[in-house]
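Ready for a short walk through a protein model? Open your viewer, keep the selection tool at hand, and follow the stops below.

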Amino acid sequence: MAEFKYLKIVDEVIRAIELGIFSDRAGSNKLESVRRYAKEKGVGVSTVTQAYMELEKLGWIYSEPKRGYFVVSKKSAKQPDYGHSINRVHAQLELANAVQYSFNDPDIIPLSCTAPSTVIDQELLLNRLHKQVLKLRPYKLIMQDPIEGLPELRYEICRHLLRSGQVFYQDQLLVTNGRQEGLLLALTAAKAIGKPLAIESPASFFFQAILKQFNADVIEVPMQEEYADELALLTRAYKQQRFDTYLVNPNFADPTGRVLSIADKQALIAWAIEHDVTLIEYDRGELYFGRSRPVTIASLAADANNCRVISIADFYDTISPSISLGYLLCVNTFSQCQFAKQTVAEEPSIALQHMVANLLANGEYQTLLGKLRAQMKLNYQKTKSLILPVLSPSIYISEPTGGPCIWFKLPDGYSSEELWERVIRDKLSIAPGAMFSFSGAFDSYFRITFALPWNHKMELAMTRLAEIINEYTEGK
């Protein structure tokens with residue numbers, strides 16, 4: 001019971017810090033004394049002491065003799081400025097091969113790629129589910145497999161989404177072979193292939209990898225601190241060159257980690273209705289650290305009869321990279337997506353569909369998600385505790401509330417591609433900012449992931465990365 005109490009205090013203080021209750025801007029970054037906190041909460045002094053020691057170890061607070069405990073200040077209060085120019089580019093097939101090869105090099109710690117589901121080992125669970133499904137004879141010849149996906153799986157996905165207040169029906173959901181096929185189907189259904197389309201920038205590398213294959217004309221709209229300013233840029237872009245489709249990453253956007261508020265999502269829906277634009281969203285909302293899952297744009301648009309939204313989700317992030325299974329949430333786009341699936345896609349594995357349906361039905365998926373989110377949050381806190389004490393205050397570091405990545409900004413005049421060349425010599429890899437823009441922008445930015453299996457090598461890698469960044473910025 002004592003352990004539960006101290007962990008509860010740790011969680012409580014972290015939430016207060018994230019809400020800005022303890023910060024320089026709030027007037028004081030000093031925590032209450034151990035004795036006073038213990039008295040207010042009705043717990044023992046030793047319990048609070050243990051909680052404060054854990055918070056200090058994780059890098060959230062620091063102590064000063066005879067003065068008390070203080071919240072670690074942010075390295076930079078200034079938010080990133082992604083610019084105000086709208087870039088129009090022809091998306092040629094020039095992938096960052098030098099970075100990508102490091103994904104599969106066993107000697108390199110791939111801090112450049114994300115695989116959230118690998119932070120916990122699910123092999124035993126997946127093997128057990130597969131054995132159970134074999135009894136259903138999933139490989140027997142059935143010519144009438146539903147195009148939409150197994151009804152049992154679609155029902156369980158809808159039931160799962162309802163936990164976060166998102167109401168969808170089976171006739172709004174299509175099962176896919178994962179996020180890549182999902183994006184292909186969405187682009188086909190929206191008739192966007194070969195036509196100009198808009199995308200928020202920095203853009204998910206996953207978006208880019210698909211779009212570049214089709215040589216699409218892309219209009220990059222840079223993220224803004226105030227979403228109203230971003231919508232104004234979007235309007236300006238639309239007036240300069242009309243487009244019918246806009247791609248967004250609203251929840252834990254890769255690479256920045258941004259989450260749009262409900263008000264911002266509703267404003268985007270209103271904008272899409274006014275300009276008759278189809279919204280395609282890639283939702284990573286399941287990767288939240290807090291208590292409430294950010295909802296999809298699709299769920300907010302479900303009652304808007306004249307808004308078209310296609311939401312892409314999959315189980316790559318949450319169950320295993322080996323699970324090629326996902327789904328589309330189709331708001332006023334179901335028949336188009338269904339036709340696209342029938343004509344350009346293969347049917348997802350029946351065995352995998354049964355496995356995931358069983359996982360959802362018996363409650364194990366919810367348990368798995370709880371463990372995954374807790375471990376990801378712990379990985380993030382460990383990463384901060386290793387990097388922040390070493391890193392120069394001139395480096396901006398994002399503070400994500402979920403998702404698998406941290407976004408860095410080097411001082412002006414420094415290049416993340418040059419930094420990558422230094423980092424790779426130490427058998428580490430980062431993702432330079434140019435990877436997240438069709439026009440090669442954001443050279444002073446880079447991204448790393450903490451969503452990998454955590455071990456001593458990861459700890460050494462994080463510390464060494466901070467040292468290399470300092471060596472680069474101080475020695476130039």
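**A tour in four stops**

Leaving out neighbours within four places in sequence, asparagine 470 is in contact with Val390, Leu391, Ser392 and Gly475. Select these residues together to begin, and keep in mind that this is a predicted model. Asparagine 470 belongs to helix α16, which covers residues 456-475. Is asparagine 470 buried or exposed? Asparagine 470 counts as buried because its relative accessible area is 10%, and the cut-off for buried is under 20%.

Next, select serine 33, in the loop that links α1 (2-18) and α2 (34-41). Its relative accessibility is 40%, so serine 33 is partly exposed. Now add valine 45 to the selection: 12 residues along the chain separate it from serine 33, and their C-alpha atoms are 10.0 Å apart.

For the third stop, show helices α6 and α13 (residues 350-361), which pack at an angle of about 35° with 9 Å between their axes. The crossing of α6 and α13 is left-handed. On the α6 side, the contact is made by Glu152, Leu153, Glu156, Ile157, Arg159 and His160. Their partners on α13 are Gln353, His354, Val356, Ala357, Leu360 and Ala361.

Finally, follow the chain beyond α6 (151-162) into the loop leading to β4 (173-176), where you will find tyrosine 169. Tyrosine 169 is exposed because its relative accessible area is 53%, while the cut-off for exposed is over 50%. Which residues make a nonpolar surface patch here? Select Leu162, Val167 and Tyr169 to see it: the patch has an area of about 310 Å².

Notes
Residues are numbered from 1 along each chain as its sequence is written. This is a predicted model: local features need pLDDT of at least 70, side-chain atom pairs count only at pLDDT 80 or more; totals for chains, interfaces and linings use all residues. Side-chain values use heavy atoms; hydrogens and water are left out. Patches are made of residues with over 30% relative accessible area and no salt bridge: like charges are joined within 9 Å, nonpolar side chains (Val, Leu, Ile, Met, Phe, Trp, Tyr) within 5 Å. Accessible areas come from the Shrake-Rupley method with a 1.4 Å probe; for residues, only the protein chains shown count as cover. A salt bridge is a side-chain nitrogen of Lys or Arg within 4 Å of a carboxyl oxygen of Asp or Glu. Helices (H or I, at least four residues) and strands (E, at least two) are DSSP runs, numbered from the N terminus. Buried means under 20% relative accessible area, exposed over 50%, partly exposed in between (1.4 Å probe, protein chains only). Axes are lines fitted to C-alpha atoms, for helices over the stretch in contact, and angles run from 0 to 180 degrees between N-to-C directions. A crossing is left-handed if the near helix is turned anticlockwise from the far one by less than a right angle, and right-handed if clockwise. Contact means heavy atoms within 4.5 Å.
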